[in-house]
Every structure is written in structure tokens, then in C-alpha cells.
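Let's take a friendly walk through this protein, looking at how its parts meet. Have the sequence and the model open side by side as you read.

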Amino acid sequence: MSISDDQYNRARAILIEAGSRTASSSHAKHTQGRGSPVGHGQQLLREARDEFREADRQSGSHSGMTEAHYKAIHRAAQEMGISNW
């Protein structure tokens, strides 16, 4: 299974908008239609989740994150069609 470049890039943009430095430092995908392995999307989500949990340590309420960060992670996952990361 693969993730299209557009799906990955839209998910990445969601995370960047939410303030993820790790997503911002990742590169946009442009694989000329071949797509990327689901593992790339899972890694993007894991890194942002861990970053958000660290930043939200004192104020987290949803799985260790603020509601805004929690929603951003889930919107990004939904954008890529990923349910487990």
C-alpha cells in the first residue's frame, strides 16, 4: 500500500500549520506518481505526535497533547488513510 504525494503533502501541511518543526523539516514528496510507502506517513505522524507531546507536557489533555495538536495529528492521519501509527 502506498500514499500519494498529494496525500502526504497535505498531511504534512496540516502538521506544519499546527506548529510541527519535524514536519517542517521533512521534504515535500514528488515521486512522479509512484507514491510513498505507508511507513513514511506513519513516521511523519509519530515524529509530530512525540514532538507535540513533549511541547504539551504540562497542558496536554488528549493523549498527552492539547486539543489542537490532537486534532491536527488525526486530520493528517485521516488525510493519508492511516489508522495505526
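## Met-80 and its contacts

In this predicted model, Met-80 touches residues from several stretches of the chain. Setting aside neighbours within four places in sequence, its contacts are Ile-3, Gln-7, Tyr-8, Ala-11, Gly-41, Leu-44 and Leu-45.

Met-80 is also part of the largest nonpolar core, which has 18 residues. Along with Leu-15 and Leu-45, Met-80 ranks among the residues with the most contacts inside that core. Three elements each give two or more residues to the core: helix H1 (5–17), helix H3 (38–55) and helix H4 (67–80).

## How H3 and H4 pack

Two of those helices are worth viewing as a pair. The axes of H3 and H4 come within 10 Å and cross at roughly 180°. An angle over 145 degrees counts as roughly antiparallel, so that is how H3 and H4 are placed relative to each other.

Which residues of H3 and H4 meet? From H3 come Gly-41, Leu-44, Leu-45, Ala-48, Arg-49 and Phe-52, while H4 brings His-69, Ile-73, Ala-76, Ala-77 and Met-80. Sorted by class, this contact has eight nonpolar, two polar and one charged residues.

## Arg-49, a buried arginine

Arg-49 deserves a closer look. This residue is found in helix H3, and its relative accessible area of 18% makes it buried, because the cut-off is under 20%. Beyond its neighbours within four places in sequence, Arg-49 is in contact with Met-65, Ile-73 and Trp-85.

Arg-49 also has a charged partner close by in sequence: Asp-50. The two form a salt bridge, with their closest N and O atoms 3.1 Å apart. Asp-50 is partly exposed, at a relative accessible area of 41%, whereas Arg-49 is buried.

## Salt bridges across the chain

Side chains of opposite charge can pair when their charged atoms come close. How many salt bridges does the model have? The count comes to five.

One of them joins Glu-79 and Arg-10, whose closest N and O atoms are 2.6 Å apart. Glu-79 belongs to helix H4 and Arg-10 to helix H1, so this pair ties together parts that are 69 residues apart in sequence. Both partners count as partly exposed, Glu-79 at 24% relative accessibility and Arg-10 at 42%.

Another salt bridge pairs Arg-21 with Glu-51, and here the closest N and O atoms are 3.7 Å apart. This pair also links distant parts of the chain, with Arg-21 in helix H2 (residues 21–25) and Glu-51 in helix H3, 30 residues apart. Are the two partners buried or exposed? Arg-21 is exposed, with a relative accessible area of 63%, while Glu-51 counts as buried at 11% relative accessibility.

## Gln-78 in H4

Finally, turn to Gln-78, which lies in helix H4. At 67% relative accessibility, Gln-78 counts as exposed, because the cut-off for that label is over 50%.

Gln-78 can be placed against Ala-11 as well. The two are 67 residues apart in sequence, and their C-alpha atoms are 8.4 Å apart in space. Ala-11 is also one of the contacts of Met-80, which brings us back to where this tour began.

Key. Residues numbered from 1 in each chain as written. Predicted model: local features only at pLDDT ≥ 70, side-chain atom pairs only at ≥ 80, totals over all residues. Heavy atoms only, no water. Core = buried A, V, L, I, M, F, W, Y, C linked by side-chain atoms within 4.5 Å. Buried < 20%, exposed > 50% of the residue type's maximum accessible area, 1.4 Å probe, protein only. Helix = DSSP H or I, 4+ residues; strand = E, 2+ residues; numbered from the N terminus. Contact = heavy atoms within 4.5 Å. Salt bridge = Lys/Arg side-chain N within 4 Å of Asp/Glu carboxyl O. Axes fitted to C-alpha atoms, helices over the stretch in contact; angles between N-to-C directions. Parallel < 35°, antiparallel > 145°, perpendicular 65-115°, else oblique. Nonpolar A, V, L, I, M, F, W, Y, C, P; charged D, E, K, R; others polar.
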